[in-house]
Amino acid sequence: GTDYYLDPAYGSDGDSGLTPQTAFKSLTVGYAALESDKNDVLHLIGDATSLTLSAATTRLFDWAKSYTHFVGECAPVGVGNRSRVFAAAASVAPTMFRVSGSGCIFRNLSFFYGVDSALALYSVEVTGGQNYFDNVRIAGIGNDTQDVTGASSLYLNACSENTFYESDIGLTTIGRGTQVNTEILIAGAALRNSFKKSRVWCRADTNTHTFVEKSGTAGLDWLMFEECKFLNISTNNAVSMLSAITMPAGTSTSLVI
């Protein structure tokens, strides 16, 4: 595929995007250059300026092109990667960034959704399959107003066979759980998804918050957590979760490993 470059600080949408020196400035223009099924790569150059999404619909951005890849060029620190995707303060949608394409790689990126709205529910929603997330931070409920029922950092919505490797889900700087919510929400027949060497973080204000929640009774086949760490930080360690992982009674075959 073809490599394109995106630089929110110094790029120009009038350039070719084919080198770091001629990088695009906006995600919409950089993404438009990618061809589905060609393994094109969009490189997000990290610096002090984040990539800010501002379109307000049912989602702020939809990565729908299969076999295209999004790679951050920055120090691979994990929790605070400087190749960052944020939402503008006034931009509100249930999902900030949706992955509906399949066979895509997302590497060395940070997704943070923190706006003053109860309608902003999910930082990243995945509906496509066979995608690979490598050293990606996904943080939702980044504002106290987003602490509402059903909110989560990552939403696996009837998607299958995605892998999250050495990635960080959640955050510990904003309290959550005054309503029933979670860090990883799974809906529908989200089959055979796996997390490897990853971390799930939260700061629970009440014991109803969970690391993982399954909604509905559709089966998962299996859900794998391999060499993962789970951390709940609360003031003076006063809040203990009732459950780390919740699943409705009557759920079809679902092995959580």
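Which elements each supply at least two residues of the lining of the largest pocket? They turn out to be α1 (27-32), β3 and β4 (59-63), with helices (H or I, at least four residues) and strands (E, at least two) taken as DSSP runs numbered from the N terminus. The model is a predicted one, where local features need pLDDT of at least 70 and side-chain atom pairs count only at pLDDT 80 or more, while totals for chains, interfaces and linings use all residues. Residues are numbered from 1 along each chain as its sequence is written, and side-chain values use heavy atoms, leaving out hydrogens and water.

Back to the pocket, which holds about 190 Å³ of space. A pocket here is an open set of points on a 1 Å grid where a 1.4 Å probe fits, with protein on both sides within 12 Å along at least five of seven lines; lining residues have an atom within 4 Å of a point. The volume is the space filled by probe spheres set on the points, which are joined across faces, edges and corners. β3 gives the most to this lining, with three residues.

β3 also belongs to an open sheet of seven strands, running β3-β6-β9-β12-β15-β18-β21 with parallel pairing (two strands pair if DSSP finds at least two bridges between them). At the edges sit β3 (51-53) and β21 (229-232), each pairing on one side only. Further in, β12 (residues 137-139) and β15 (residues 168-170) pair in the parallel sense over two bridges, and Arg137 has Asp168 in β15 as its bridge partner.

Then there is Phe97, whose contacts (heavy atoms within 4.5 Å) include Leu27, Leu53, Phe61 and Trp63, not counting residues up to four places away in sequence.
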